[in-house]
Every structure is written in C-alpha cells, then in structure tokens.
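Colleague: Could you take a close look at one helix for me, and then walk me outward from there through the rest of the model? Keep it informal, but give me the cut-offs as you go.

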Amino acid sequence: MFWLPLPAVGRIAVRRLRVRRPWGRGLATANMTKGLVLGIYSKDKEDDVPQFTSAGEKFDKLVAGKLREIVNLSGPPVKAGKTRTFYGLHQDFPSVVVVGLGQKTAGVHELENWHEGKENIRAAVAAGCRQLQELELSCVEVDPCGDAQAAAEGAVLGLYEYDELKQKKKTAVTAKLHGSEDQEAWQKGVLFAAGQNLARQLMETPANEMTPTRFAEIIEKKLRGASAKTEVHIRPKSWIEEQEMGSFLSVAKGSDEPPVFLEIHYRGSPKASDPPVVFVGKGITFDSGGISIKASANMDLMRADMGGAATVCSAIVSAAKLNLPINIIGLAPLCENMPSGKANKPGDVVRAKNGKTIQVDNTDAEGRLILADALCYAHTFNPKLIINAATLTGAMDIALGSGATGVFTNSSWLWNKLFEASVETGDRVWRMPLFEHYTRQVIDCQLADVNNIGKYRSAGACTAAAFLKEFVTHPKWAHLDIAGVMTNKDEVPYLRKGMTGRPTRTLIEFLLRFNQNND
C-alpha cells in the first residue's frame, strides 16, 4: 500500500501512525509546500526490475522500501517522459513524483543527432516539476538523474511560462538540486536555461510592449548585471543614417516607432586586442509584412520576429555570466515593418552600407534588408567569425519544421562546431546549401545589383541565405534561419506552448566550446 496524506484525526490515531513510519515523526509537522522528483530507468530486459537512480535508491532505503513497493503496485513500468505521483511517503516530501528516464545506457543517437539520455532527462524532469506545480507546491527538489545540468535545464525550462500580463498566475516554483553533489553542473544548467528563458520572454512579449527601444533597454540592464566587462551602445536613427545603412532605414521608415541599432560588447579576453566573435540578430519587433502585407491569420506571432536578436543577445548575456575569456560583440538592428505612406513599395531600390543596390520586390522579405547592413558593419571589427540568427523565411519552416535550425555557412569548420554544440544541448541544427545555383537567382535583377527575393518560388530559405552572402566577405560566417523553431506546440516536451527562445543554449554551448578550443 502507499502512504496517503491524512485528514485531521485524533491524537491517538496519529500516534499509532507514527510507529509505522520509518522516520519516526508524523505528517502533522510535514512541509506541505515541498515536492521531490526522482528518476527511474526502463528495464533493459523483459524480466529485469526497473532501476532507480542513485538518489531514488537512497530515498527508497530512507522509507524502508515503500517507494519500490508502491511503484510496483501502481501499474506497468513508468515509460520515458511519463510520471507517477505518490503522497505521504516522507514528512519532508509530502508529494513525490517518479519520472521515467528511458534506458540508462542511452547516449548519442547517430540518427537523431542528439544525446538521447540528456534529452530524456530534460523531458522527464520537466514533466515531474510541472506535476508538482499543478499541486501548487512552491519548492521542488530534483534528482540529478545522472546529469545535473540536463536535469536543471529540464526543470527551469519546463516550469517557465509567460504570464507577466495576467492577473491569475501559476504557482511560482523554485527548483533545487536534491543532494549536495553536482552543484556546479546544476548551476550551469540553470544558467543555460535562464538564458533561453530570457529569449522566450523577449519573443513572447507583445509588440506594443517590446518596442525596439524597450528591447535595447532590457538587454542593457541584463548585460550590465551579468558582468562589469561589458559595454552597451543604443544607437539612434541619426547614427544609423551616418553609417549609411540605407537598407535598414528603408524598412524602419514605414513605422512611427524609432529604429535602434543595438551594439553590445563583452570583453572577456585578457587581451583587449583579441579579435571578437560577432553575433548578429534580426530585430524586427513586429512584422506586418509592410505594403506586401501578411494574411491576418497568425499575424500576432510576428511579435517574435525579433527572435534572432533575442537569442544572440541572451547567449551573450549568458556568456558574460559564465565569465568566458573571449571577446564577443552582439549587433541587433531593431525596428518594425509596417505599412504606411512612408513605407517601402514593391519595386523600390535602396542602397546598403557596402554600396550595393537592392531591388525590393517584396516588402515582407525585410529581415534580409536589415541584416545586410548589420553584416557589413560586423566586418569592421575584424572578427574571428560571424554568426547571424534570424526568423528569416517561412520556407525554412516548410523545409525542417521545428526539428532543427537551418544553418547556411561558408565554413565546414564552423558548421562542425555548431553541430557538436547542438548534439550536446538537444537543440539541433541541420546544414543547408549555399550553392551558386541560388546566388544566380538573386543577382539576376532588373533594376539593381541584387533582388530581395529569388526569381522562382522554390527554395526560399536558400535564396534568402544567398542574398545575405552578397554582404559577407568573411571566410567564417554562418546564417541560422530559426523561423521553423520559433514556436512550440507540443514538439519539444520540456517547453510549454509558445515562443521557444531556440537555439540560445546551442549558441551558449558553442561559445563555451570555442573558448575551450582556443585555450
């Protein structure tokens, strides 16, 4: 039988129950706001007994084998990502959730391109924490499940929900590591997940709240709070004009909301002259499509069209918290894309910072217009490499959906580094082609040097990348099209429905590994 929490009963009954309990004290003194998440592995063979994690085994001994007994009585073995909740087992944890971790031997899955064991932990811990949140428990202790970083990521990512503008909120839950070991790994996981949650918050916030100016102010505050080795420049329209960023300005002029060019520096290297890693993020805080206006259905999702800026800035904030000994610069052209009497018109020609002219045949292909100028500016820092991220094309969503970020790069070395980082984080990337075949489709242009859309309807993600390539001369550049991974319905089990903040953790992991490889 399992131990159930009891209603208020007489003194004699409580005394009798005390004798039966292994810890020697009744539930009357229990902390009713605290829960525990423990892991259990799947059976390797049919006749095997499911194995608890080491933390699960210790707890089972603490309660004189009652955990094992009730798990066996409660039904078939707990499947990966599923949960079972038990009550009254221990005074310190009135509610205990056992979560299925899958196979104990799960490692890197060659076809799935991720570490299956880590993903199983993230999904299981997230499910367990949410179960306890539904019980309105404010504190949860989490079994490290053999990988404290993955467990922390599952807990912190799984509990996050954007409810800042709601009066009725879910119970705020604090997740802590169960046991004293692996604290360093746990804290690292919390940091990685908090970075992604910052990006989720920025992306989810309505566009009337998350203006270009407000976005820049939030990042400035977060970055200065992360490290003293930082510098923030919130560049106004006058500076953008001085830089002759005509392509960026052509998009911004359709809105009454003033544009901002956000430039953030993290100077972690002991050598001030050490060339930086430069991240560039698309920062369209709302995309109506402009004169080439979008359909009204789901247009509200375009509040997250600054997902590129959100993910790269959040990754840099996280790198600053990690105190990485490298120099990093983040660039985010921020504006709205709106229809008005001042907006770009189909067929207009604008001039980018590098002097190239662009025929704007579709005003809804605006992300590449603002990135063109930002990429030109990125080269002025003599960077080690350039990575840009953007919710750039619906075609990317059609191609890969939410399975992976599409990566277009001129460097196999850079691709390999991004891929290795993504296997670790479970936030996957997939290489896409940068063929001359696609370049020809954007430079065959009637009025200007390059067209902002391809000649044909096919391969829209590839022609968009080919367009950006026209503004890049650096031999180590990667373009991450994150349009497909912008939102989550139920595909990633440890993320709730809404904006994902992907691939922030992969970018953080990339920076961490880049630093280690540079030592």
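Modeller: Helix 4 covers residues 116-134, so numbered because helices (H or I, at least four residues) and strands (E, at least two) are DSSP runs counted from the N terminus. Helix 4 has 19 residues and spans 27 Å from its first C-alpha to its last, close to the expected 27 Å; that expectation is 1.5 Å times one less than the number of residues. Of those 19 residues, 16 are buried, which leaves helix 4 mostly covered. Buried here means under 20% relative accessible area, exposed means over 50%, and partly exposed is in between (1.4 Å probe, protein chains only). After helix 4 comes E136, with a positive phi near 60°.

Before going further, the ground rules: this is a predicted model, where local features need pLDDT of at least 70 and side-chain atom pairs count only at pLDDT 80 or more, while totals for chains, interfaces and linings use all residues. Residues are numbered from 1 along each chain as its sequence is written, and side-chain values use heavy atoms, with hydrogens and water left out.

E136 has company in its backbone angle. N323 has a positive phi near 60° and is a residue other than glycine. N323 sits in the loop between helix 10 and strand 12 (327-337), and is partly exposed at 43% relative accessibility. A459, also not a glycine, has a positive phi of about 55°. You'll find A459 in the loop between strand 18 (450-451) and helix 15 (460-469); with a relative accessible area of 30%, A459 is partly exposed. Still on the backbone, R502 and P503 are joined by a cis peptide bond, omega about 0°. P503 belongs to the loop between strand 21 (498-499) and helix 16 (504-518).

One more loop residue is Y160, between helix 5 (148-159) and strand 7 (174-177). Y160 counts as buried at 18% relative accessibility. Leaving out neighbours within four places in sequence, Y160 is in contact (heavy atoms within 4.5 Å) with N197, R200, Q201 and R496. Its C-alpha is 9.3 Å from that of A172, twelve residues apart along the chain.

Now the interior. A nonpolar core is a set of buried Ala, Val, Leu, Ile, Met, Phe, Trp, Tyr and Cys residues joined through side-chain atoms within 4.5 Å. The largest one has 61 residues, and F215, L262, F279 and I387 touch the most other members. Helix 10 (residues 307-321) gives the largest share of this core, nine residues. Not counting residues up to four places away in sequence, F215 touches L202, M210, L262, M306, A309, A310, C313 and L334. Apart from that core lies another, of 48 residues, including W239 and F471.

As for the cysteines, the whole structure has zero disulfides, a disulfide being a pair of cysteine sulfur atoms within 2.5 Å. Take C335: the closest cysteine sulfur, in C313, is 15 Å from its own, so that is too far for a bond. C335 is buried, with a relative accessible area of 0%. The sulfur of C445 is 17 Å from the closest cysteine sulfur, in C376, again too far for a bond, and C445 is buried at 14% relative accessibility.
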